There are 2 protein chains.
Amino acid sequence: MSTTSLDVLKRNQLSITDSRKKILELFQVNTGALAHGDIEKKTGDLFDRVTIYRTLQTFVDKGIIHTIPTADNSVLYALCKDECTQGHHHDNHIHFICDNCNVTFCLDHVASPHITLPKGFKEKRIDVVVSGICTNCN
Amino acid sequence: MSTTSLDVLKRNQLSITDSRKKILELFQVNTGALAHGDIEKKTGDLFDRVTIYRTLQTFVDKGIIHTIPTADNSVLYALCKDECTQGHHHDNHIHFICDNCNVTFCLDHVASPHITLPKGFKEKRIDVVVSGICTNCN
DNA sequence: ATAATAATTGCAATTTTGTTGCAAAAATTT
DNA sequence: AAATTTTTGCAACAAAATTGCAATTATTAT
């Protein structure tokens with residue numbers, strides 16, 4: 001499966017626009033997760049803030065990116081693996097946030113743990129966020 | 001150990017004020033977690049928005065409540081277990097958010113899982129948030 | 001290729017959320 | 001009961017996010 005920004009947009013039946021191409025490429029180039037503010041900085045005044053908000057929301061809706069819950073409650077976004085489809089995220093991996101450099105990693109090879117819930121609770125989704133010190137800062 | 005709001009405040013060497021008593025009682029009465037907005041609604045115009053922010057922050061500092069990271073990045077607070085002391089939270093339990101009724105549960109008896117991280121990553125804290133359908137909505 | 005249609009963007013205005021300084025009020029200490 | 005300390009409410013401010021709408025851009029049909 002090809003992975004150019006253009007292909008991803010087409011595969012998801014999205015109109016091809018400068019903002020969508022550019023923002024998607026940012027995610028593909030950067031290893032870590034990105035906040036809305038990061039994207040604003042990296043794109044300068046190419047696009048309006050509102051466009052960035054809407055583009056991110058569109059990508060989340062389509063299953064192209066997913067949000068990451070963080071301890072300090074800032075909103076982070078990261079690319080989903082290919083298996084994600086519209087309305088159905090399978091980002092079954094954990095996230096790691098470095099307290100030092102503040103980069104967020106999607107640890108794709110660390111599966112979410114299985115958790116036994118009390119009777120009556122049905123799991124649909126599980127988010128695991130580990131924070132500490134990353135390899136680069138060690 | 002007694003659990004009236006007054007006792008909790010005294011134990012933590014906090015001045016006894018209406019807002020602190022009222023807000024603490026809200027947490028004690030409600031099973032789930034509360035957002036700043038919830039508290040604002042439930043207290044009407046009894047207290048200023050700022051007071052609520054400061055009270056919540058004070059409680060977090062003292063280890064009376066803790067924050068919960070959520071996937072939609074709203075800030076949630078919930079009562080800590082008694083073992084929490086100032087500056088040292090031991091909220092080593094997972095959280096469950098019901099997609100239906102939107103209530104957040106602290107599953108105190110479900111411990112956070114142990115996760116094996118890739119080489120070089122050092123864990124300091126782990127947050128697990130499971131979402132799905134709770135007992136009441138089942 | 002071009003016109004018609006549909007979708008997206010940018011702007012302005014607004015709303016929501018959170019913070020800060022300071023004087024007034026309330027709680028605690030003496 | 002007075003002195004001191006802490007907390008509160010107000011006002012102003014700042015940041016983050018949302019909405020409606022006209023203008024622009026992309027897609028579809030001709």
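Biologist: Which elements supply at least two residues each of the surface near DNA strand C?
Modeller: In this predicted model, they are α2 (18-29) and α4 of chain A, along with α3 (36-43) and α4 of chain B.

Biologist: And which one gives the largest share there?
Modeller: That's α4(A), with four residues.

Biologist: Which residues come nearest to strand C?
Modeller: There are 20 residues around DNA strand C, and the nearest are A:Thr17, A:Ser19, A:Asp48, A:Thr51 and B:Ile16.

Biologist: How do the residues of that surface divide by class?
Modeller: Near DNA strand C you get seven nonpolar, nine polar and four charged residues.

Biologist: OK, now DNA strand D. Which elements supply at least two residues each there?
Modeller: From chain A, α3 (36-43) and α4 (49-62); from chain B, α2 (18-29) and α4 (49-62). The most comes from α4(B), which gives four residues.

Biologist: Which residues come nearest to strand D?
Modeller: A:Ser15, A:Ile16, B:Thr17, B:Ser19 and B:Thr51, out of 20 residues around DNA strand D. By class, the surface near DNA strand D has seven nonpolar, nine polar and four charged residues.

Biologist: Let's switch to the two chains. How many degrees of turn does it take to lay chain A on chain B?
Modeller: A turn of 176 degrees, with a shift of 0.1 Å along the axis, and the RMSD is then 0.7 Å. The two copies are thus related as by a two-fold rotation axis.

Biologist: Which residue of chain A comes closest to that axis?
Modeller: A:Val128, with its C-alpha at 2.4 Å from the rotation axis. Both copies use the same surface, too: 97% of the contact residues of chain A recur in chain B.

Biologist: How many residues does the contact take from each chain?
Modeller: Chain A puts in 32 residues and chain B puts in 31 residues. On the side of chain A that touches chain B, the elements giving two or more residues are β4 (93-98), β5 (104-111) and β6 (122-133) of chain A.

Biologist: Which of them gives the most?
Modeller: β6(A), with 12 residues. By class, the side of chain A that touches chain B has 18 nonpolar, eight polar and six charged residues.

Biologist: What does β6(A) pair with in chain B?
Modeller: With strand β6 (residues 122-133) of chain B, in the antiparallel sense, over 11 bridges. Within that pairing, A:Val130 has B:Ile126 in β6(B) as its bridge partner.

Biologist: Staying with strands, what is the order in the open sheet of three strands in chain B?
Modeller: The order is β1-β3-β2, and the pairing is antiparallel. β1 (34-35) and β2 (65-68) of chain B stand at the edges with a single partner strand each, so one side of each has no neighbour in the sheet.

Biologist: How many bridges join β1(B) to β3 of chain B?
Modeller: Two bridges join β1(B) to strand β3 (residues 76-79) of chain B. B:Ala35 stands opposite B:Leu76 in β3(B).

Biologist: What about β4 and β5 of chain B, how many bridges there?
Modeller: Five bridges, with β4 (residues 93-98) and β5 (residues 104-111) of chain B running antiparallel. B:His93 stands opposite B:Ala111 in β5(B).

Biologist: Which residue in that hairpin takes a positive phi?
Modeller: B:Asn102, with phi near 70 degrees; the hairpin has five residues between the strands. In chain A, A:Asn102 also has a positive phi, about 70 degrees, although it is not a glycine. A:Asn102 sits in the loop between β4 and β5 of chain A.

Biologist: And A:Gln13, where is that found?
Modeller: In the loop between α1 (5-11) and α2 of chain A. A:Gln13 has a positive phi as well, about 55 degrees, and is not a glycine.

Biologist: Is A:Gln13 buried or exposed?
Modeller: Exposed, because A:Gln13 has 8 C-beta neighbours inside 10 Å, and the cut-off for exposed is 12 or fewer.

Biologist: Last topic, the largest nonpolar core. Which residues touch the most other members?
Modeller: A:Ile65, A:Ala78, B:Ile65 and B:Ala78, out of 61 residues in the core. Leaving aside residues up to four places away in sequence, B:Ile65 touches several residues, among them B:Phe27, B:Phe59 and B:Tyr77.

Key. Residues numbered from 1 in each chain as written. Chains lettered and ligands numbered in written order. Predicted model: local features only at pLDDT ≥ 70, side-chain atom pairs only at ≥ 80, totals over all residues. Least-squares fit on C-alpha atoms with pLDDT ≥ 70 in both. Contact = placed C-beta atoms within 7 Å. Core = buried A, V, L, I, M, F, W, Y, C linked by C-beta atoms within 7 Å. Buried ≥ 20, exposed ≤ 12 C-beta atoms within 10 Å, placed from the backbone. Near = placed C-beta within 6 Å. Nonpolar A, V, L, I, M, F, W, Y, C, P; charged D, E, K, R; others polar. Pairing = 2+ DSSP bridges.
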